[in-house]
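Thanks, everyone. I have a few minutes on one structure, and I will go from the ligand outward to the pockets.

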Amino acid sequence: MSDKRILDVACGSKMFWFDKNNPDVEFCDKRTLPLTEYYPNRYIEISPDTVCDFTDLPFKNDSFYLVVFDPPHLRCGDTSIMAVKYGQLKSGWQTMLTDGFNECMRVLRPNGVLVFKWSESSISLSKILPLFNSTPLFGNRRRQKGDTTHWLCFMKGNIK
Ligand SMILES: C[S@@+](CC[C@H](N)C(=O)[O-])C[C@H]1O[C@@H](n2cnc3c(N)ncnc32)[C@H](O)[C@@H]1O
């Protein structure tokens, strides 16, 4: 249950948020991590408002105006720095992404917006979009060389 307007279902350390304590945002992640020095003078802390799994969100249908979905996108070692920062994809990741996307849509209000972030460092976007039962409205079609990140925008109720 939340009366906030915005939901981030996989906030990690909130790296992309300008205001990491924005009171309008329900920050969620399935893990917590106390302030940890993961590299000399580099720190990470994961401290969500709600610890939960994005495949089974503890929120009612039609709750949020904006949902942000930035799931793990890397196949990497359990103890790697990247796994600490971003989490990792394990077997069954396709089902996890489908279920996560469907949960994001369920808790969005009608006509609400879902922003999906995907980095193609391990898996191309063309393998991800067929997992979703909605097509994106728009996203960054051109990227700088070496930039693997996509930001895509979906709307609940958008006709495929
Ligand atoms: C790519 S990172 C998010 C980075 C974040 N957007 C930022 O700005 O720092 C993905 C996050 O998803 C979390 N995660 C992985 N599986 C999850 C699940 N089933 N439910 C909720 N969070 C999950 C990981 O713990 C990790 O923190």
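Where does the ligand sit? The ligand is in the largest pocket. Before going on, please keep in mind that this is a predicted model.

Let me start with the ligand's surroundings. There are 19 residues around the ligand, and the nearest of them are Met15, Asp29, Arg31, Phe54 and Asp70. By class, that shell consists of 10 nonpolar, 3 polar and 6 charged residues.

Now the polar contacts. Aspartate 29 uses its side chain: one of its polar side-chain atoms is 2.7 Å from an oxygen atom of the ligand. Methionine 15 uses its backbone, with a polar backbone atom 2.8 Å from an oxygen atom of the ligand. Lysine 30 also takes part through a polar backbone atom, which lies 3.3 Å from a nitrogen atom of the ligand. How much of the ligand's accessible area does the protein cover? On its own the ligand has 610 Å² of accessible area, and 97% of that is covered by the protein.

Next, the pocket itself. The volume of the largest pocket is about 610 Å³. Its lining comprises 33 residues, of which Asp29, Pro71, Pro72, Tyr86 and Gly87 are closest to the pocket centre. So Asp29 turns up twice: among the residues that come nearest to the ligand, and among those closest to the centre of the largest pocket. The lining splits into 15 nonpolar, 8 polar and 10 charged residues.

Which helices each supply at least two residues of that lining? They are H1, residues 81-86, and H2, residues 93-107. The largest share comes from H1, with 3 residues.

That leaves the second largest pocket, with a volume of about 220 Å³. Residues lining the second largest pocket include Gly12, Ser13, Lys14, Met15, Tyr38 and Lys85. Met15 is worth a remark here, as this residue lines the second largest pocket and also has the backbone contact to a ligand oxygen atom at 2.8 Å. Which strand gives the most to this lining? Strand S4, residues 42-46, does, with 3 residues. By class, the lining of the second largest pocket has 4 nonpolar, 4 polar and 4 charged residues.

That is what I have for today.

Notes. Residues numbered from 1 in each chain as written. Predicted model: local features only at pLDDT ≥ 70, side-chain atom pairs only at ≥ 80, totals over all residues. Heavy atoms only, no water. Near = heavy atom within 4 Å. Polar contact = N/O pair within 3.5 Å; in protein donor to acceptor, adjacent residues only side chain to side chain. Areas by Shrake-Rupley, 256 points an atom, 1.4 Å probe, with all protein chains shown as cover. 1 Å grid on protein atoms, 1.4 Å probe; cavity = no way out; pocket = protein on both sides within 12 Å on 5 of 7 lines; lining within 4 Å. Sits in = over half its atoms within 2 Å of the grid points. Nonpolar A, V, L, I, M, F, W, Y, C, P; charged D, E, K, R; others polar. Points joined across faces, edges and corners; volume = space filled by probe spheres on them. Helix = DSSP H or I, 4+ residues; strand = E, 2+ residues; numbered from the N terminus.
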